[in-house]
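Morning, everyone. I have one model to show, and I'll keep it quick. Please look at the screen.

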Amino acid sequence: MNARWPGRLRVGLTLLVLLVALCGAGPLALPRLPGTDPAHAALLPPGTRVIVTTWSDGRVLLEPGPAAPAAATSIEPGARIVSTGHFTFWLGSDRYGRDLLRELLEGGRISLMIAASSLLLALILGVGTGIVAGTSGRLLDTLLMRLVDALLAFPVLFLMILIVAVFRPSAAMLVAVLGATSWMTLARLVRGQVLSLRSRPFVLASRAAGSRWHQVWRLHYLPHLTGPVAQDAALRMGDLVLAEATLSYLGLGVPPSIPTWGSLVAQGHKVLVDGWWLATFPGVAIATLVIALALIGDGIHETVRRLE
Amino acid sequence: MSPTLRRIGRRALAAVPILWLVVTLTFIVVHAVPGSVADLLDNPDLSPAARETVRHRYGLDQPLPQQYMRWLEGAITGDFGISFLYRQPVRRLIARTLPPTLILTGTALLLDLLLGIALAVLAAARPRGWIDRVTTVLSLGVYGMPTFWLAGLAILLFSVQLGWLPSSHMHSLDAATLPAARRLLDLLRHLILPAGILGLAGAASTARYVRAALLDIRQSRFLLAARARGIPRRRILWIHALRPALLPLVTLLGLSLPFLVSGSLVIEVIFSWPGMGRLLWTAAWARDIPVILAATLLGAGAVIAGNLLADILYVAVDPRARRSS
């Protein structure tokens, strides 16, 4: 990486890449625990190592400790051990005996995908509206900006709840709601930039020299828009991660059968006393992601400032 | 009329079309989109006649323009109809749940400002000193942590492990029998965890904001002049620099008006606080549209009023803003 990049940007990007890689590839790389009897694996604390024995009648038993498998007396006659192995619950297990690490990585993949898709939607809506408002006539500009004002007047969480309550929540619906409620400040930002660039000397000079409109856009507008938009996008993504987590925590996000970091925290809170780890680790994951994005946003701001 | 008043009047007038748009947009979301509120009430178990009665009771059998006019009228007069879930006027539900919310958010806002400003001044006294570094890291950390998660940790520590503070509700079960002073104490004990977490989360961003303003002002010449006159450093920091640095904070105060109404939803849900956020949450589960609409409109009204208040406060406090208008 370039040495001129601010430290914050490097730290943030490293964390983000690490999280994306872990959530993207992690569930594939993890050893899979065969279908087990939840009674033996529920609410195991982090780091618990168990012996897995698979029996010829299809049952899988988990026993704690590194000792040899228990005597076969508890097993029905005729059944024998097919295989034995070890499994470590690095982050513990939940009420149903599921490995929290796997749940965390799979939930993270969904949380990341929802946040990224809704960011993309917000970027398209925000940048599009901003450019249209900044370049069109006064009437359309005024109308669009009043619409932005009105939408910004809603408390975002309330607006999300209103839409989620009217329509049935699904993953696609959630992306639409999150994207449709977070493009307004971007539109304002882009419009402001376009308006201020319009009368800057280099743009006027370029136009006077006979540049076509797409040349002016490519050479002058877009480079000046990239920095501020990228900074806003990084911070916006952090907000979206938090918003998705909050809605899922409240049970108003994706259907409960799909794990996300927010719903994992919610499930962890149901067994707060018996399983502190269940709510703690997903929360740490959310905080790490949001902080990484904030660092990236700060870093981009710093880089743009240095370039100018 | 003075220019200041005229300016404020102009801003207030500009808020009217935005309010109208807000009311209309909510109507569009709820009514004009197919497959929304009318279907929601259509319980297939009901007989056609009973279904007709229900539709009539909520005015859904009328043509859309008429429903829209009624909706506008209701929004202006504050009449949001009857809750599907509680079978009570929404206005009464809001009136009952708003005070607990205001108690919670008001306390949190106070804590937010006091803690945020104090931390900012301490941090700005020695930029890059240890207080500054710790504050920066802490505020970044708190910014990233979801409040519901922080709340869970706090409950685990202070209610479950230590047993110091109650983990939910606003009063103890026997609160009604207690004398007034003990009742207040009981309320305060219930208030500490939710208001503390909300306030802490807010203080993190307030501290960052005020610190930046203070560091900006450190460069200005009037502070150099004050130092040349031999005024002690501490006095310069707390009096000379803090006053202009708080100017943007006055705007921030106006902008935090919506927080008072809508800022505590998640915390209210976790701590079973009997406020408006919790009402909205149960309404969302039951798809109790009249309640959700009323809460959303109230929240939006608070945002618009807060923006206006921020403008007015800024003009009132900053002499430069008055001259330029």
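I'll go through confidence, domains, a helix crossing, aromatic pairs and one aspartate.

First, a caution: this is a predicted model. Chain A averages a pLDDT of 82, and 89% of its residues score at least 70. Where in chain A is confidence lowest, and where is it highest? The low end is helix α2 of chain A, residues 38-41, with a mean of 64. The high end is helix α3 of chain A, residues 100-135, at 91. Where pLDDT is low, the predicted coordinates should not be read in detail. Keep that in mind for α2(A), given its mean of 64.

Next, domains. Chain A is split into domain 1, covering 45-89, and domain 2, covering 100-307. Their C-alpha centres lie 48 Å apart.

Now the helix crossing. Two packed helices are described by the angle between their axes and the distance between the axes. Here the helices are α3(A) and α11(A), the latter spanning residues 276-307. Their axes come within 11 Å and cross at roughly 35 degrees. The crossing is right-handed. Which residues meet there? From α3(A), we have A:Leu100, A:Leu104 and A:Leu112. From α11(A), they meet A:Trp277, A:Leu278, A:Phe281, A:Pro282, A:Ala285 and A:Leu289.

On to the aromatics. How many aromatic pairs does the structure hold over all chains? Seven. One of them is A:Tyr249 with B:Phe148, and this pair is stacked. The numbers are 4.3 Å centre to centre and 15 degrees between the planes. A:Tyr249 sits in helix α9 of chain A, residues 213-249, while B:Phe148 sits in helix α7 of chain B, residues 147-161, so the pair joins two chains. Buried or exposed, these two rings? Both A:Tyr249 and B:Phe148 are buried.

Another pair is A:Trp276 with A:Phe281. This one is tilted, at 6.2 Å centre to centre and 45 degrees between the planes. A:Trp276 is partly exposed, with a relative accessible area of 41%. A:Phe281 is also partly exposed, at 23%. Add A:Trp277, and A:Trp276, A:Trp277 and A:Phe281 form one aromatic cluster. Recall that A:Trp277 and A:Phe281 also appear in the contacts with α3(A).

Last stop, chain B. B:Asp132 lies in helix α6 of chain B, residues 130-144. Its relative accessibility is 3%, so B:Asp132 counts as buried. What does B:Asp132 touch, leaving out residues up to four places away in sequence? The contacts are B:Ala123, B:Arg126, B:Pro127 and B:Arg211.

That's my tour. Over to you.

Technical notes:
Residues are numbered from 1 along each chain as its sequence is written. Chains are lettered from A and ligands numbered from 1 in the order in which they are written. This is a predicted model: local features need pLDDT of at least 70, side-chain atom pairs count only at pLDDT 80 or more; totals for chains, interfaces and linings use all residues. Side-chain values use heavy atoms; hydrogens and water are left out. Rings of Phe, Tyr and Trp (its six-membered ring) pair if their centres lie within 6.5 Å; planes under 30 degrees apart count as stacked, over 60 as edge-to-face and the rest as tilted. Helices (H or I, at least four residues) and strands (E, at least two) are DSSP runs, numbered from the N terminus. Buried means under 20% relative accessible area, exposed over 50%, partly exposed in between (1.4 Å probe, protein chains only). pLDDT is the predictor's confidence in each residue, from 0 to 100. Domain bounds come from an automatic or database domain assignment. Axes are lines fitted to C-alpha atoms, for helices over the stretch in contact, and angles run from 0 to 180 degrees between N-to-C directions. A crossing is left-handed if the near helix is turned anticlockwise from the far one by less than a right angle, and right-handed if clockwise. Contact means heavy atoms within 4.5 Å.
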